[in-house]
Amino acid sequence: MTGTTSSSSDTPAPVQTPAPATTTVTEPDIRPVTDDGDHDRFAHYTRRADANRAYVEGTPVRALCGKVWVPSRDPSRYPVCPECTKIRERLRRRAYN
Ligand SMILES: [Zn+2]
């Protein structure tokens with residue numbers, strides 16, 4: 001037994017998830033991902049969990065508009081799919097009520 005005394009104030013701080021910077025609106029769990037096809041290069045909205053898994057495992061995702069593909073590009077470079085935007089707006093409006 002040594003007399004080492006650790007300070008009791010050395011408790012680890014709880015990990016806090018960073019709050020979204022722009023808005024406090026509770027959005028559906030959706031994020032934009034890109035179409036990897038040759039023709040319509042849009043950023044579609046899909047479930048965030050699906051998108052994350054797609055990036056890790058290469059599995060296809062289904063967009064809000066129904067499109068199924070394997071995303072691989074940076075979505076910020078592409079215009080958002082108008083169909084997905086429409087559906088997403090509807091979901092957001094439902095989230096308000
Ligand atoms: Zn779409």
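Helices, of at least four residues, and strands, of at least two, are taken here as DSSP runs numbered from the N terminus.

**Figure 1. Overall arrangement of the chain in the predicted model.** With elements assigned in this way, the secondary structure of the chain comes to 2 helices and 4 strands, and these follow one another along the sequence in the pattern β-β-α-β-β-α. Of the 97 residues in the chain, 18% are buried. Among the contacts that join residues at least 6 apart in sequence, 43% link residues at least 24 apart.

**Figure 2. Close-up of the largest nonpolar core.** This core has 9 residues, namely Phe-42, Ala-43, Tyr-45, Ala-51, Val-61, Ala-63, Leu-64, Cys-81 and Cys-84. Two of its members, Val-61 and Ala-63, are taken up in the views that follow.

**Figure 3. Close-up of Val-61 in strand β3.** Strand β3 spans residues 61–62 and includes Val-61, which counts as buried because 20 other C-beta atoms lie within 10 Å, the cut-off for a buried residue being 20 or more. Although Val-61 and Thr-46 are 15 residues apart along the chain, their C-alpha atoms are separated by 7.1 Å.

**Figure 4. Close-up of Ala-63 in the loop between β3 and β4.** Ala-63 belongs to the loop that leads from β3 to β4 (68–69), and this residue is buried because 25 other C-beta atoms are found within 10 Å. When residues up to four places away in sequence are left out, Ala-63 touches His-44, Tyr-45, Thr-46, Cys-81 and Cys-84. For one of these partners, Thr-46, which lies 17 residues from Ala-63 along the chain, the separation between the C-alpha atoms is 4.4 Å.

How values were computed
Residues are numbered from 1 along each chain as its sequence is written. This is a predicted model: local features need pLDDT of at least 70, side-chain atom pairs count only at pLDDT 80 or more; totals for chains, interfaces and linings use all residues. A residue is buried if 20 or more other C-beta atoms lie within 10 Å of its own, exposed if 12 or fewer, and partly exposed in between; C-beta atoms are placed from the backbone. Two residues are in contact if their C-beta atoms, placed from the backbone, lie within 7 Å. A nonpolar core is a set of buried Ala, Val, Leu, Ile, Met, Phe, Trp, Tyr and Cys residues joined through C-beta atoms within 7 Å.
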